[in-house]
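Me: Please take a close look at the salt bridges in this model, and tell me which residues are linked in a network and how each pair is placed.

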Amino acid sequence: MNIYEEVLKLQKQNIPFVVVSVVDKEGHAPQIPGAKMIVANGSRFVGTIGGGSIEFLAEKKAVEMLENNLSSKIEKYIL
């Protein structure tokens, strides 16, 4: 499914969600800048930012944002 179609679907259903985007990377990483995933209802996923521990940390932060009604955040993950 196209991630933007999912955004429209969630908006029409009034379901809060977070779009997680890779904005930069250094060294080896599984995804490139521009990769996106959606987290909604604390567990719903569409897309990927590469899997593994970085995706896990980003998911956790997205859930926290949903719980605290935050609209924007930039996080830096270093492994």
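Reply: Buried here means under 20% relative accessible area and exposed over 50%, with partly exposed in between (1.4 Å probe, protein chains only). This is a predicted model, in which local features need pLDDT of at least 70 and side-chain atom pairs count only at pLDDT 80 or more, while totals for chains, interfaces and linings use all residues. Residues are numbered from 1 along each chain as its sequence is written, and side-chain values use heavy atoms, with hydrogens and water left out.

A salt bridge is taken as a side-chain nitrogen of Lys or Arg within 4 Å of a carboxyl oxygen of Asp or Glu, and by this rule the count comes to four. The network that you ask about links Lys61, Glu64, Lys73 and Glu75.

Within it, Lys61 and Glu64 form a salt bridge at 3.1 Å from N to O; they are three residues apart in helix α2 (residues 52-67), and therefore separated by about one helical turn, where helices are DSSP runs of H or I with at least four residues, numbered from the N terminus. Glu64 is partly exposed, with a relative accessible area of 33%, whereas Lys61, at 19%, counts as buried.

Lys61 also forms a salt bridge with Glu75, the closest N and O atoms being 3.8 Å apart. Because Glu75 lies in the segment after α2 and Lys61 in helix α2, this pair ties together parts that are 14 residues apart in sequence. Glu75, itself partly exposed at 32%, forms a salt bridge with Lys73 as well, with 3.3 Å between the closest N and O atoms, and Lys73 is partly exposed at 46% relative accessibility.

Key:
Helix = DSSP H or I, 4+ residues; strand = E, 2+ residues; numbered from the N terminus.
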